[in-house]
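User: I am new to this structure and would like to go through it by question and answer. Please explain each term when it comes up.

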Amino acid sequence: MEQIAVVGAGLIGCAWATVFARAGHPVTLYDVNPDALTASRDTIKAGLIKLHAAGLITSPPDAVLKQISVSGTLEEAVRGAALVQENVRETVEAKQEIYALLDRLASPDAMLASSTSGIPASSFTADLKGRHRCFVGHPVNPPSVVPVVELVPAAWTDPAVIERARALYASVGQVPIVVQREIQGFIVNRLQGALLAEAFRLVEDGYVSSADADKAIKDGLGLRWAFMGPFETIDLNAPGGIRDYCGRYGPLYLDIARQAEPRAWNDALLDKLEKERLAVLPADQRPARQAWRDQRLMDLIAHKRKAANE
């Protein structure tokens, strides 16, 4: 199994280490902060115990943990790695600094992937000798539970590198999607952003409460979206398929789109939303609810895997 290097031992880095280790890859984890490295093993083990209890891994947590080693130097961490998954601070300057080092220290054929949520690879790899092997590999948090990963090349990224990466991520149980060229926010954030913009607008204009807007998704659209995307959804929602659906409802959606002028999320609206959310979930209960969310996600993934095999 190919060696994997994970740079950055925060929550995302620990989750990525879990993804590759549970698939059998030897993983080396590095962080400039020694305390983060020390804490990483407990973080990873706690996650593995939950994944094992949910049936998402069959190997004992301690056996998976043995696949992961920590390194005190970046040079040692990336030595021999087929893929380096970078998870440092979300600034262009931080990415430029680490990629200059990775391009110099990693094997010439190593793939260099950034977990950035929105910074295009072109903004921090343009001057690198090995820029052809650099791309964004953006996960949804946490990647150890939510499998989708967006592969976003720069203009100079070698297509063969993206194909190698696609095959590797798929082999460890992730669901890679290839973004065919750079776009701000990539795909997942843009889809989420469109929904958030409309949700904020509907609440601000007094059409619905935030609680009822949440119900529209979790007890309505989200039930479909847990196993189908938007195009498959509408293809199945009209007798004649997608063209029939668009003929029936296209004018309605066009009118709605014309009404949707961009708006900033102002303080008055945020005060309203914060008050409504705190009435539902006091701040001191948020960590417990986050743990509940992660457990529900694991249960859902386990259900989807079982259903796929039936």
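User: Which side chain meets that of Arg 258 in a salt bridge?

Analyst: This is a predicted model, in which local features need pLDDT of at least 70 and side-chain atom pairs count only at pLDDT 80 or more, while totals for chains, interfaces and linings use all residues. Residues are numbered from 1 along each chain as its sequence is written, and side-chain values use heavy atoms, with hydrogens and water left out. A salt bridge requires a side-chain nitrogen of Lys or Arg within 4 Å of a carboxyl oxygen of Asp or Glu. At 3.9 Å, N to O, the partner of Arg 258 is Asp 255.

User: Where do Arg 258 and Asp 255 lie?

Analyst: Arg 258 is exposed, with 60% relative accessibility, whereas Asp 255 is partly exposed at 41%; here buried means under 20% relative accessible area, exposed over 50%, and partly exposed in between (1.4 Å probe, protein chains only). The two are 3 residues apart, about one turn of the helix, and both lie in helix H11. Helices (H or I, at least four residues) and strands (E, at least two) are DSSP runs, numbered from the N terminus.

User: Is Arg 133, which meets Asp 103 in a salt bridge, buried or exposed?

Analyst: The side chains of Arg 133 and Asp 103 come to 3.2 Å, N to O, and the pair links distant parts of the chain, with Arg 133 in the loop between helix H6 (122-125) and strand E6 (134-139) and Asp 103 in helix H5 (residues 92-105), 30 residues apart. Asp 103 has 14% relative accessibility and counts as buried. Because its relative accessible area is 4%, Arg 133 is likewise buried.

User: Which helix gives the largest share of the largest nonpolar core?

Analyst: A nonpolar core is a set of buried Ala, Val, Leu, Ile, Met, Phe, Trp, Tyr and Cys residues joined through side-chain atoms within 4.5 Å. The largest one has 37 residues, and those with the most contacts inside it include Phe 20, Val 27 and Tyr 169. Its largest share, 6 residues, comes from residues 11-22, which form helix H1.

User: How many disulfides does a search of the whole structure find?

Analyst: A disulfide is a pair of cysteine sulfur atoms within 2.5 Å. Cys 14 is buried at 4% relative accessibility, and Cys 246 is partly exposed at 41%. Over the whole structure, the number of disulfides found is 0.
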